[in-house]
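Let's take a walk through this structure together, one stop at a time. Keep the picture open beside the text and find each residue as we get to it.

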Amino acid sequence: DAVAPYSGTVYDLTANEVVTEGVPKAVEERVKKPLAPGAKTANALVLRLLNAANRLMNIVKRSEGRPNKDLTRMARDIEAFCEKYE
């Protein structure tokens, strides 16, 4: 029979028995801490950067069939960008 054990449950697979039964615990709600000044701006900028990176990935994924010259230039530009910011 299949079971969904609680976290902390331990099984002895050779004896096919439960050694320790996990105890169910209520999930604690996370207390939201107030953001430091400028944190909202920083989070918005990181989100903007992630959106730009996703846009670039979508362009790369759709690049199959483009001329080799274009693909080479694109790869070179992306590599140069990475080198600049690493």
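Val 18 sits in strand 2, which covers residues 17-20. How buried or exposed is Val 18? With a relative accessibility of 41%, Val 18 counts as partly exposed, because that value falls between the 20% limit for buried and the 50% limit for exposed. Val 18 also has company at the surface: together with Val 3, Tyr 11 and Leu 13 it makes up a nonpolar patch. Added together, those four residues offer about 420 Å² of accessible area.

Before going further, a word on what you're looking at: this is a predicted model. The chain has a mean pLDDT of 87, and 99% of its residues reach 70 or more. Where does confidence come out lowest, and where highest? The lowest is in helix 1, residues 39-61, with a mean of 89, while helix 2 has the highest, at 95. As a reading habit, coordinates should not be read in detail where pLDDT is low.

Now step back just ahead of strand 2, to Asn 16. Asn 16 belongs to the loop that links strand 1 (10-12) to strand 2. Its backbone is worth a look: the phi angle of Asn 16 is near 55 degrees, which is positive even though the residue is not a glycine. For background, most residues other than glycine have a negative phi. Asn 16 has a relative accessibility of 72%, so it is exposed, being over the 50% limit.

On the other side of strand 2 comes another loop, the one leading to helix 1, and Val 23 is found there. Is Val 23 buried or exposed? At 58% relative accessibility, Val 23 counts as exposed. Even so, Val 23 has partners from elsewhere in the sequence: setting aside residues up to four places away, Val 23 touches Tyr 6 and Ser 7. Gly 8 can be compared with Val 23 too, since the two are 15 residues apart in sequence and their C-alpha atoms are 7.2 Å apart in space.

Next, move along to the loop between helix 1 and helix 2, where you'll find Ser 63. Ser 63 has a relative accessibility of 4%, so it counts as buried, being under the 20% limit. What does Ser 63 contact, leaving aside its neighbours within four places in sequence? The answer is Leu 71 and Met 74.

That brings us to helix 2, which runs over residues 68-85. Let's begin with charge. Side chains of opposite charge can pair when their charged atoms come close. How many salt bridges does the count give? There is one, and it is formed by Asp 70 and Arg 73, with the closest N and O atoms 3.6 Å apart. That distance qualifies because the limit for a salt bridge is 4 Å. Why are Asp 70 and Arg 73 about one helical turn apart? Because they are three residues apart in helix 2. Asp 70 is partly exposed at 28% relative accessibility, and Arg 73 is partly exposed as well, at 36%.

For a sense of the distances here, look from Arg 73 to Lys 25: the two are 48 residues apart along the chain, and 56 Å separates their C-alpha atoms. Ile 78, also in helix 2, gives another such span. Ile 78 and Glu 21 are 57 residues apart in sequence and 52 Å apart in space, C-alpha to C-alpha. Ile 78 is partly exposed, with 26% relative accessibility. Apart from neighbours within four places in sequence, Ile 78 is in contact with Leu 56 and Val 60.

Our last stop is a pair of rings. The count comes to one aromatic pair. It joins Phe 81 to Tyr 85, with 4.8 Å from centre to centre and 45 degrees between the planes. The pair is called tilted because 45 degrees lies between the 30 degree limit for stacked and the 60 degree limit for edge-to-face. Both rings belong to helix 2, where Phe 81 and Tyr 85 are four residues apart, about one turn of the helix. As for Tyr 85, its relative accessibility is 56%, and that counts as exposed.

Definitions and conventions:
Residues are numbered from 1 along each chain as its sequence is written. This is a predicted model: local features need pLDDT of at least 70, side-chain atom pairs count only at pLDDT 80 or more; totals for chains, interfaces and linings use all residues. Side-chain values use heavy atoms; hydrogens and water are left out. A salt bridge is a side-chain nitrogen of Lys or Arg within 4 Å of a carboxyl oxygen of Asp or Glu. Helices (H or I, at least four residues) and strands (E, at least two) are DSSP runs, numbered from the N terminus. Buried means under 20% relative accessible area, exposed over 50%, partly exposed in between (1.4 Å probe, protein chains only). Patches are made of residues with over 30% relative accessible area and no salt bridge: like charges are joined within 9 Å, nonpolar side chains (Val, Leu, Ile, Met, Phe, Trp, Tyr) within 5 Å. Accessible areas come from the Shrake-Rupley method with a 1.4 Å probe; for residues, only the protein chains shown count as cover. Rings of Phe, Tyr and Trp (its six-membered ring) pair if their centres lie within 6.5 Å; planes under 30 degrees apart count as stacked, over 60 as edge-to-face and the rest as tilted. pLDDT is the predictor's confidence in each residue, from 0 to 100. Contact means heavy atoms within 4.5 Å.
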